[in-house]
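Visitor: Could you walk me through this model with me asking and you answering?

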Amino acid sequence: MADSIKDTVRAFIVENFLFGDTSFQLGDDASLIENDIIDSTGVLELVAFVEERFGVTMADAEIVPANLDSLNRIAAFVSARTDKKASLTA
Amino acid sequence: MCGFGGYFGSGLVDAEVKPLLERMASAVAHRGPDERDVAVLAGAGLCHTRLAIVGLTDGQQPMSLDNGRLVIAFNGEIFNYVELRDALRAKGRVLRTSSDTEVLLHLYDEKGPDCLAELNGDFAFAIWDAGRRRMFLARDRMGVRPLFHTTVGDTLFFASEVKALLQVPGVEAEMDPFALDQIFTLWTPIAPRTAFKGIHELEPGHMMLVEEGRQAIRPYWSLCFPDLDARSRHTDERAAAEELRALLTDATRLRLRADVPVGAYLSGGLDSSVISALAAGMTPETLHTFSVAFDSAEHDESAFQEEVATALGTMHATVRCGEGDIATVFPDVIRFTERPILRTAPAPLFKLSALVREKGLKVVLTGEGADEVFAGYDIFKEARVRRFCARQPGSRIRPHLFRKLYPYLPGLNRQSAAYLAAFFGTGTDSSEDPLFSHKPRIRATGAAKLFFSADLRATLAGYDATEELASRLPAEFPRWHPLHQAQYLEGRFLLPGYILSSQGDRMAMAHGIEGRFPFLDHRLVEFAATLPPEMKLKGLVEKHILREAARDLLPETILRRTKQPYRAPDSQSFTGAGEKDYVREAMSVKKLAAGGLFNPASVTKLFAKSRQQPLSGFRDNAAFVGILSSQLWLETFTGSRLRASQAPSSSFGDRNGR
């Protein structure tokens, strides 16, 4: 589950922020900010993507680097949220 | 103001000399539409195109003293020429003309290269000293006027613009990849490097002495600041504000000296308003002011411009920069900047100088320089907030201050404190780093190198423009206050490399307009450097001391206005309904591959994204404009359609002897 989230997000980042440049090896724990991959408007694009693609909504207080600044953090956030949703609807 | 060129060395056969000098002059004819001449000397030569401003009837150039003992070609103004002339006459010298050019010749004759210390002016010149067989080149302290040079074999060629050097046989235009990397990091090449491989610029505040087979370049002035622990002589703010006012008034008075009317640019901000107010006070009811208005509300300041013009009673004219205008002039803009740029902001100024020309003026005062000298830019406040945040790294409160800095950036204002802190590198940038103040900008800009081609990356492997910049800082730099360090980086590099060139001289001179900059009078620059940092940036209020000094000059709304950075619409200028063919061509896979600088596949995606919706990020906009301007640069200077300089749009009429 987490792997497929990561792959989906990675594909979005490579296409949308790296403009298809695959020469940059984006590590699972690499900081998107420190590696100059996203800026302040990029964050909002990323939030919109996560919400639309995974059917979650992010409150303002959740839009923080701890949830979004690497592939692993995004995957963990989305998994936790979709697991919760799954258990609620089960 | 003018254009000039010349050479020194044995590399030309006699028959070649005059035609080459004429071609060089013709390449910079836009700088001096009024007169043109060449001087063929023994193994050297000078050419000149004149914009007649001082000594209209007797200031022709190249000008010689004692039948060719000394010969000068000079671009710019010596504003204190009246005082210098009086002093020379008092010593018994006989001056034949009313021009500042002759004063400069005599002063060199008296003092040699030491004459530079006496000059208050914006200048670039070459003096041929026949007795010593020596060419003496110099450029003003802040880098207002340009001077480029290149050496072929043992022969030195020099000129006001690179396009004149491209007339020299054997000089070919080729992009310097390191300059491109510097532009995509710092917005400007690090002088003496230029975008043209093998062509250098003489740095601001430098002179060059060329004798048979030997070139020596050295500084005669440099921007410097007091040590952090030095006691400032300015302890009383009111006294400092009065001194500032007196200096600025005198700087403006000297810059109104001309035998033609002098106008002023009016942006609606504090700096140009102060200058216009001072000038209006000295030229009652005759001052012309000029502004750019934008169709997009985000960039437009016309309400403020009109308020100031009305308050000062100036004759005001405005040029509108509407949708499509930037794209229309952009290829011409690059032909004059002669370097790739990351923003479109020069383009409206190109239109503005055309307006001045159309209204019959050829000299304008501007407020440029105040942001460097009195700490007006956001980057100075940003650095202060970043240091404030770094003192308490986990703080959830402190980063909210970043919002106050950029009220005009909605993307930033919606961010959480944690993200604000991350964007501004508060946890990662070392406050000991000499480039600390500029790190976020350097990071955001450098991210655009993502689009560099694999070949270009291979050429640049291991090269770091920020290391080169850091290596160029003076030894005393670490002992300065952080604000002064940041001011130095702006004033020494970005000011001459972008503001005064791509946005300044090159845009004005494209239409034969001379800009004059009272804030860059070296007496004022030296005075401001010694002011305590808190008098300049008081808390987060920029240019505090200037506001104090200008209290009674301007309406309160202008005086209290927070600086709005001068910006123009970037990538969205080039997409949408009126998309130009040249943009499509420049961004095509074929042209990108032929140019070799950028990765065609990535640029294609960027171009597609920009057509779907306006690019909103800093990096994407910088990349778009940087790539497009680089492609236009290649087309203009290395393409098959290499054009000699032509008048851009307006035609130059019979303007002699105005």
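What follows is a set of questions and answers on chain B, its parts and its partner.

Guide: This is a predicted model, in which local features need pLDDT of at least 70 and side-chain atom pairs count only at pLDDT 80 or more, while totals for chains, interfaces and linings use all residues. Residues are numbered from 1 along each chain as its sequence is written, and chains are lettered from A and ligands numbered from 1 in the order in which they are written.

Visitor: In β7(B), which residue is the bridge partner of Trp128(B)?

Guide: Helices (H or I, at least four residues) and strands (E, at least two) are DSSP runs, numbered from the N terminus, and two strands pair if DSSP finds at least two bridges between them. Strand β6 of chain B, residues 121–129, runs antiparallel to β7(B) and is joined to it by 6 bridges. The two form a hairpin with 4 residues between them, and Arg133(B) in the turn has a positive phi of about 45 degrees. Within this pairing, the partner of Trp128(B) is Met135(B).

Visitor: And which residue of β11(B) is the bridge partner of Met135(B)?

Guide: Strand β7 of chain B, residues 134–139, has 5 of its 6 residues buried, where buried means 20 or more other C-beta atoms within 10 Å of a residue's own, exposed means 12 or fewer, and partly exposed lies in between, with C-beta atoms placed from the backbone. β7(B) is also joined by 5 bridges to strand β11 of chain B, residues 206–211, and these two run antiparallel. There, the partner of Met135(B) is Val210(B).

Visitor: Is Asp100(B) buried or exposed?

Guide: UniProt, in an unreviewed entry, places the feature "binding site" at Asp100(B); such annotations may be inferred rather than shown by experiment, and their positions are given in the numbering used here, with feature names shortened. Asp100(B) belongs to helix α3 of chain B, residues 100–111. Leaving aside neighbours within four places in sequence, Asp100(B) is in contact (C-beta atoms, placed from the backbone, within 7 Å) with Val54(B), Glu77(B), Ile78(B) and Tyr81(B). Because 26 other C-beta atoms lie within 10 Å, Asp100(B) counts as buried.

Visitor: Which element gives the most residues to the largest nonpolar core?

Guide: A nonpolar core is a set of buried Ala, Val, Leu, Ile, Met, Phe, Trp, Tyr and Cys residues joined through C-beta atoms within 7 Å. The largest has 194 residues, and those with the most contacts inside it are Ile72(B), Phe125(B) and Ala126(B). With 11 residues, the element that gives the most to this core is α28(B).

Visitor: How many residues of domain 3 of chain B take part in the contact with domain 4 of chain B?

Guide: An automatic or database domain assignment supplies the bounds, and in chain B domain 3 covers 393–488 and domain 4 covers 571–638. Their C-alpha centres lie 25 Å apart. The contact takes 14 residues from domain 4 of chain B, and from domain 3 of chain B it takes 11 residues.

Visitor: How many residues of chain A are in contact with chain B?

Guide: On the side of chain B that touches chain A, the elements giving two or more residues include α16 and α28 of chain B. The buried residues of α16(B), residues 439–446, are Pro440(B), Arg443(B) and Thr445(B), and what covers them includes α28 of chain B. In the contact between the chains, 24 residues of chain B meet chain A residues numbering 20.

Methods: Contact = placed C-beta atoms within 7 Å.
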